[in-house]
Amino acid sequence: MATTRFDALLISHLPNIRYLCGFTGSAGFLLIAESGSVFFTDVRYDTQGRAEVKGRESDHCPQGVLSALAEWVGARKKRSKGWSIGIEPNT
């Protein structure tokens, strides 16, 4: 992160998520920041996500993954002025 202009990076490509955090399911997002990482997935993967994703905050989202991600980012932006996220390109 130190060499980019971003404060966080959003990973959505499942093979990259698997490589970075070990999650093998078919729905999830990984948000990586210098302060730590947050993994978002829906309730179908509650048990699997807790077992596979170690060392990261994990948010299992009953209201939906995108809604939870948007809520988390919105709350973070309110606390940190000028906070920016890089989004992984579609690969």
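How much area does the protein chain expose, and what share of it do carbon and sulfur atoms supply? The exposed area is about 5700 Å², and carbon and sulfur atoms supply 53% of that. Before I go on, please keep in mind that this is a predicted model.

Let me start with the layout. The protein chain has three helices and five strands. Along the sequence, these elements come in the pattern β-α-β-β-α-β-α-β. The chain has 91 residues, and 35% of them count as buried. If we take the contacts with a separation of 6 or more, residues 24 or more positions apart account for 42% of them.

Next, the strands at the start of the chain. Strand 1, residues 8–11, pairs with strand 2 in the antiparallel sense, over four bridges. In that pairing, Ile11 is opposite Leu30 of strand 2. Strand 2 also pairs with strand 3, again in the antiparallel sense, and here there are five bridges. Two residues make up the hairpin connection from strand 2 to strand 3. As for individual partners, Phe29 is bridged to Phe40 in strand 3.

Is strand 2 enclosed or open? Four of its five residues are buried, so strand 2 is largely enclosed by the rest of the structure. A general point on strands: when a strand is regular, its side chains alternate between the two faces of the sheet.

That brings me to the nonpolar cores. The largest one has 13 residues, and Phe29, Leu31, Phe40 and Leu69 have the most contacts inside it. At least two residues of this core come from each of strand 1, strand 2, strand 3 and helix 3, which spans 65–79. Helix 3 is the element that gives the most, with four residues. Leaving aside residues up to four places away in sequence, Leu69 touches Leu10, Phe29 and Phe40. There is also a second, separate core of nine residues, with Ile11, Ile17, Cys21 and Phe23 among them.

Phe23 is worth following further, this time through its ring. How many aromatic pairs does the structure hold? There are three. One of them is Phe23 with Phe39, a tilted pair with 4.7 Å centre to centre and 50° between the planes. This pair links distant parts of the chain: Phe23 sits in the loop between helix 1 (14–21) and strand 2 (29–33), while Phe39 belongs to strand 3 (residues 36–42), 16 residues apart. Both rings belong to buried residues: the relative accessible area of Phe23 is 1%, and Phe39 is at 0%.

Phe23 has another ring partner, Tyr45. Why is that pair called edge-to-face? The ring centres of Phe23 and Tyr45 are 5.5 Å apart and the planes stand at 90°, so the pair falls in the edge-to-face class, for which the angle has to be over 60 degrees. Tyr45 lies in the loop between strand 3 and helix 2 (46–52) and Phe23 in the loop between helix 1 and strand 2, so the pair ties together parts that are 22 residues apart in sequence. Tyr45 is buried because its relative accessible area of 12% is under the 20% limit.

Taken together, Phe23, Phe39 and Tyr45 form one aromatic cluster. To recap the interior, then: a core of 13 residues, a separate core of nine that includes Phe23, and the aromatic cluster in which Phe23 also takes part. That is where I will stop.

Terms used:
Residues are numbered from 1 along each chain as its sequence is written. This is a predicted model: local features need pLDDT of at least 70, side-chain atom pairs count only at pLDDT 80 or more; totals for chains, interfaces and linings use all residues. Side-chain values use heavy atoms; hydrogens and water are left out. Rings of Phe, Tyr and Trp (its six-membered ring) pair if their centres lie within 6.5 Å; planes under 30 degrees apart count as stacked, over 60 as edge-to-face and the rest as tilted. Buried means under 20% relative accessible area, exposed over 50%, partly exposed in between (1.4 Å probe, protein chains only). Contact means heavy atoms within 4.5 Å. Accessible areas come from the Shrake-Rupley method with a 1.4 Å probe; for residues, only the protein chains shown count as cover. Two strands pair if DSSP finds at least two bridges between them. A nonpolar core is a set of buried Ala, Val, Leu, Ile, Met, Phe, Trp, Tyr and Cys residues joined through side-chain atoms within 4.5 Å.
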